[in-house]
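This briefing is arranged by topic for a reader who has the coordinates open. It turns to one residue pair, then to the chain as a whole, and afterwards to charged groups, cores and backbone angles.

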Amino acid sequence: SMLLRCALSGAVIAFFYLNSAAAQDLKVDVTAVKELVSKWNDAHTLRSSGAFSSLYSDKVKFYGSILPSHKCISTKEDVLKKRPGFHQKLNGDLVLTGYSNGVIRCDFVKSVTINDKVTEYNAYLVVKELDGNYYIVEESDLTTDRHLNNHADLGSRVAIKDARSNEMEKPRLINDPILASDNSMSTSTILFMVSLAIGVTGLVIAFRLRQISRSSQGDSDFHSADYAKGLAFEKFVAEQFDIYRDYFILLDWRSDKSHQGIFPKSNQNPDLVYEYRHKNYVRRFAVECKFRSKAFKGTVRLMDESNYRTYKTFHENEMPVYIALGFAGQPNDPEELYLIPFEDAKHEMMYKELSRYRKPRKFYYDMERDRLT
């Protein structure tokens, strides 16, 4: 009866969240927001103060400092004049996230070239509709935020609804420099799925606890807390692929079944195996999911020596392996998400060296570079 009450509670919470979240949808002219980000990117090439003048609100949070728009523009001009070889382009996804206070955060990866040296930054703009037009109210990147310990409180997330079509903005897989969409999934959908999962997860955890109590105490890989966290993060990762289910096909999901320390060798392989298909282009790859709550002395431990050897063999003999790392927050909603190609992965990595692998939610296959991003 306890498990039944847990499942019913999850369903009630799901109903509550689904209805309350639906009332918080943020209407956004998605096309206008995309155009604003595109104009901002083009202004760096035009090198004209006039190109920037129509983009910013009167006051802007500019890389951690509150400045009037003319000061932001003059700072841009000074930097561009000192670096005549400066070039900027946007790569991969543009991810839009709506917030309850009416702002839209636009996350993307910008590739900056200076004197033939290319550096990629996980950057973002925060825009808001003012008097019928969208303006930039904040500009920064994640490296600067960590250095300045800058953490903006934008309020709670809400689903984005396209004001032109009055429908939820649907993510699309295209080969444009900018891929724009709403939040990783609509907020109401996420809340519904997570809340509904409370009941199911309660049943799963109870069943696993019963299995664990019968297994040896030394079998630490299957302790209930670790298993529940790992499973929750695996589900989160699978959801990011499922957004593009027409392209990413889940072929295998390791079950981690065991009894009294007896388990199949396949348990040691990476968690998820996918096949990416786009017309005649087909690629298979594996994803090992790791969630870590915090770093220890600036270091994040990804795997032990045994795991490393197993994944290395799988990577070299079967298919490419990627490490999906969720960091901080909750396993089903991590604050940071990283995607590390196995050839770059180590047993332990410094937190600061992970920055180059941080990405917005949702996965994308770059066919030109033949790799998952």
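R284 is partly exposed, with a relative accessible area of 48%, and its side chain forms a salt bridge with E275 in which the closest N and O atoms are 2.8 Å apart. The model in which this pair is found is a predicted one.

**The chain as a whole**

- The protein chain contains eight helices and 20 strands, and of its 373 residues 43% count as buried.
- Among the contacts between residues at least 6 apart in sequence, 61% join residues that are at least 24 apart.
- The area that the protein chain exposes comes to about 19900 Å², of which carbon and sulfur atoms supply 51%.

**Salt bridges**

- Side chains of opposite charge can pair when their charged atoms come close.
- A search of the whole structure finds 18 salt bridges, and one of them joins the side chains of K76 and E139, with an N to O distance of 2.5 Å.
- Because K76 lies in helix 4 (residues 69–82) and E139 in strand 7, this pair ties together parts that are 63 residues apart in sequence.
- Both partners of that bridge are buried, K76 with a relative accessible area of 9% and E139 with a relative accessible area of 1%.
- E275, which is bridged to R284, also meets the side chain of R277 in a salt bridge, at 2.6 Å from N to O.
- The surroundings of these residues can be set side by side: E275 is buried, with a relative accessible area of 7%, whereas R277 counts as partly exposed at 39% relative accessibility and R284 as partly exposed at 48%.
- Elsewhere, R157, D333 and R361 are linked in a network of salt bridges.

**Buried acids without a salt bridge**

- E234, which lies in helix 7 (residues 224–242), is buried yet has no salt bridge, and the nearest side chain of opposite charge, that of R254, is 4.8 Å away.
- Since a salt bridge requires the nitrogen and the carboxyl oxygen to be within 4 Å, the separation of 4.8 Å between E234 and R254 leaves E234 without one.
- What does the side chain of E234 make a polar contact with? The partner is the side chain of W253, at 2.7 Å.
- When neighbours within four places in sequence are left aside, E234 is in contact with W253, D271, L272 and C289.
- E138, which belongs to strand 7 (residues 133–141), is likewise buried and has no salt bridge, and K61, which carries the nearest side chain of opposite charge, is 4.4 Å away.
- The side chain of E138 is joined to that of Y124 by a polar contact of 3.2 Å.

**Nonpolar cores**

- In soluble globular proteins, nonpolar side chains tend to be buried together.
- The largest nonpolar core has 33 residues, and within this core Y56 and I104 touch the most other members.
- Helix 2 (residues 30–46) contributes the largest share of this core, namely seven residues.
- Residues up to four places away in sequence not being counted, Y56 touches W40, F62, S69, I73, K76, Y135, I136 and E139, and among these K76 and E139 are the two whose side chains meet in the 2.5 Å salt bridge.
- A second, separate core of 23 residues includes A238, I243, C289 and F363, and C289 is also one of the residues in contact with E234.

**Positive phi outside glycine**

- K279, a residue other than glycine, has a positive phi near 60°, and its place is in the loop between strand 13 (272–278) and strand 14 (281–292).
- A328 is not a glycine either, yet its phi is positive at about 65°, and this residue is placed in strand 16 (residues 321–330).
- Which of the two opposite words, buried or exposed, applies to K279, and which applies to A328? K279 is exposed, with a relative accessible area of 74%, whereas A328 is buried, with a relative accessible area of 12%.

Methods. Residues are numbered from 1 along each chain as its sequence is written. This is a predicted model: local features need pLDDT of at least 70, side-chain atom pairs count only at pLDDT 80 or more; totals for chains, interfaces and linings use all residues. Side-chain values use heavy atoms; hydrogens and water are left out. Helices (H or I, at least four residues) and strands (E, at least two) are DSSP runs, numbered from the N terminus. Buried means under 20% relative accessible area, exposed over 50%, partly exposed in between (1.4 Å probe, protein chains only). Lys and Arg count as positive and Asp and Glu as negative; His and the chain ends are not counted. A polar contact is a pair of N or O atoms within 3.5 Å; within protein, one must be able to donate a hydrogen and the other to accept it, and residues adjacent in sequence count only if both atoms are side-chain atoms. Contact means heavy atoms within 4.5 Å. Accessible areas come from the Shrake-Rupley method with a 1.4 Å probe; for residues, only the protein chains shown count as cover. A nonpolar core is a set of buried Ala, Val, Leu, Ile, Met, Phe, Trp, Tyr and Cys residues joined through side-chain atoms within 4.5 Å.
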